[in-house]
Amino acid sequence: MKLKQRVVLLAILLVIFIFTKVFLIDNLDTSAANREDQRAFQRVMASLHVELDPRLDHTLQSPWEIAAQWVVPREVYPEETPELGAVMHAMITKKIIKADVGYKGTQLKALLILEGGQKVVFKPKRYARDYVVEGEPYAGYDRHNAEVAAFHLDRILGFRRAPLVVGRFVNLRTEIKPVATEQLLGTFMTVGNNTCFYGKCYYCRETEPACADGDIMEGSVTLWLPDVWPLQKHRHPWGRTYREGKLARWEYDESYCDAVKKTSPYDSGPRLLDIIDTAIFDYLIGNADRHHYESFQDDEGASMLILLDNAKSFGNPALDERSILAPLYQCCIIRVSTWNRLNYLKNGVLKSALKTAMSHDPISPVLSDPHLDALDQRLLSILATVKQCTDQFGPDVVLVEDRMTLSHL
């Protein structure tokens with residue numbers, strides 16, 4: 001064989017070798033990543049039920065110190081949390097040492113300080129479990145049980161971006177009024193035989209108080225994030241105008257996502273994929289009210305989108321507000337890990353998992369069956385939306401690897 005032919009043959013063999021090696025490595029990496037996703041899902045399924053137990057076998061720290069140390073730029077709590085039950089037990093049993101009006105916002109809430117100095121946000125019950133909120137997808141009062149359900153859905157999806165939430169019954173007469181600030185105390189009243197309060201907020205009205213059953217009020221408590229992690233508020237790029245007849249740009253511009261991708265912090269880093277994860281989360285819970293969102297300050301787009309204020313959810317199980325999914329179907333990208341998790345949860349697994357996760361809560365049953373059924377139906381719509389994207393652009397474009405090694409050291 002002539003030298004020239006040998007060189008050509010060797011070059012062809014080299015190209016085949018390199019291609020084969022790269023192809024095999026890529027497939028090995030992909031399958032390894034998928035196996036890790038499956039193992040992570042199995043770990044979540046094994047730890048769904050949280051025993052509300054005060055014992056802290058692994059540490060001498062207080063529950064509040066433990067929870068504060070969990071927080072890192074990409075997680076509010078780690079995947080493995082043997083102390084989760086103890087922290088949540090403290091949230092429902094620790095003595096309330098101060099009660100004040102809630103932080104700024106549109107909805108009624110109270111800011112409580114528990115024994116040990118931990119702040120929590122209390123949202124009172126306003127609706128029965130089977131009440132259907134009619135009207136716009138963001139209509140109605142906040143739903144305290146929605147905060148509880150959203151936290152556990154965050155656990156199941158593996159996001160770990162929602163602060164801890166648990167249901168709690170409080171005695172307004174003996175637990176709140178003796179430690180209430182004058183500002184909060186001034187909003188208390190008696191309606192029939194029930195103790196009520198209306199608080200201070202944009203939509204708070206004396207004519208629309210939240211009322212206990214006698215003195216006992218059902219609500220949710222959300223653990224305040226540590227002060228060493230100050231929050232920064234951002235306008236959501238897919239936020240609504242809340243003005244009748246006035247559409248936001250994303251509602252009429254099919255190329256809107258291309259413009260978003262050119263602006264900071266969505267032009268690099270994980271933030272756009274966080275927006276899409278959040279759209280999936282919000283669609284499942286029926287939350288069309290995320291006009292702003294929070295991240296940690298000075299993060300330059302690297303920290304997570306924190307899943308705060310999820311109470312405008314689970315209002316109408318018959319309403320599937322597809323516009324919530326606009327970031328997904330306009331950008332047509334999704335994390336591979338999110339895609340895998342969604343597929344593991346189909347065929348009724350999501351409903352069953354959420355029901356199990358919430359069964360320990362003091363206010364259980366947290367959701368009515370129609371809301372649980374709606375979750376499974378909405379999951380199918382999300383999977384169908386991603387399939388439409390992959391059919392149009394191919395899985396290599398739509399399914400994006402974005403895995404970060406997280407440290408709790």
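Let's start with a strand pair. Two bridges join β6 to strand β7, residues 210–211, and the two run antiparallel. One contact to look at there: Cys196 has Cys211 in β7 as its bridge partner. A caution before I go on: this is a predicted model.

Now the other neighbour of β6. Strand β5 covers residues 188–191, and β6 covers residues 194–197. Four bridges join them, again antiparallel. Met189 pairs with Cys196 of β6. So Cys196 turns up twice: its bridge partners are Met189 and, over in β7, Cys211. The β5 and β6 hairpin has two residues between its strands. Gly192 in that hairpin takes a positive phi, near 65°.

Next, the annotated site. The unreviewed UniProt entry carries a "binding site" annotation. Which residues does that annotation cover? Gln107, Lys123, Thr222, Leu223, Trp224, Leu225, Glu294 and Asp309. I'll take two of them.

Thr222 first. Thr222 sits in strand β8, residues 216–223. Is Thr222 buried or exposed? Thr222 counts as buried because its relative accessible area is 13%, and the cut-off is under 20%. Beyond four places in sequence, Thr222 touches Met91, Lys119, Val120, Val121, Pro163, Leu164 and Val165.

Then Leu225. Leu225 lies in the loop between β8 and β9, the latter being 231–235. Leu225 is buried too, at 11% relative accessibility. With neighbours up to four places away set aside, the contacts of Leu225 are Val71, Val76, Pro163, Leu231, Phe296 and Ile306. Pro163 appears on both lists: it touches Thr222 and it touches Leu225.

On to the domains. The assignment gives domain 1 as 63–223 and domain 2 as 231–400. How far apart are the C-alpha centres of the two domains? They lie 23 Å apart. On contacts, 48 residues of domain 1 meet 49 residues of domain 2.

Now the area. Interface size is often quoted as the accessible area lost when the parts come together. Here, domain 1 and domain 2 bury about 3,800 Å² between them. Carbon and sulfur atoms carry 66% of that. On the domain 1 side, Tyr138, Ile156 and Arg161 lose the most area to domain 2. Together they make up 19% of what that side buries.

Last, the charges. The count between the two domains is four salt bridges. Keep Arg161 in view. The side chain of Arg161 forms a salt bridge with that of Asp277, at 3.1 Å, N to O. That's all from me.

Notes:
Residues are numbered from 1 along each chain as its sequence is written. This is a predicted model: local features need pLDDT of at least 70, side-chain atom pairs count only at pLDDT 80 or more; totals for chains, interfaces and linings use all residues. Side-chain values use heavy atoms; hydrogens and water are left out. UniProt positions are given in the numbering used here, feature names are shortened, and annotations may be inferred rather than shown by experiment. Buried means under 20% relative accessible area, exposed over 50%, partly exposed in between (1.4 Å probe, protein chains only). Contact means heavy atoms within 4.5 Å. Two strands pair if DSSP finds at least two bridges between them. Domain bounds come from an automatic or database domain assignment. Buried area is the accessible area (1.4 Å probe) that two parts lose on being put together, summed over both.
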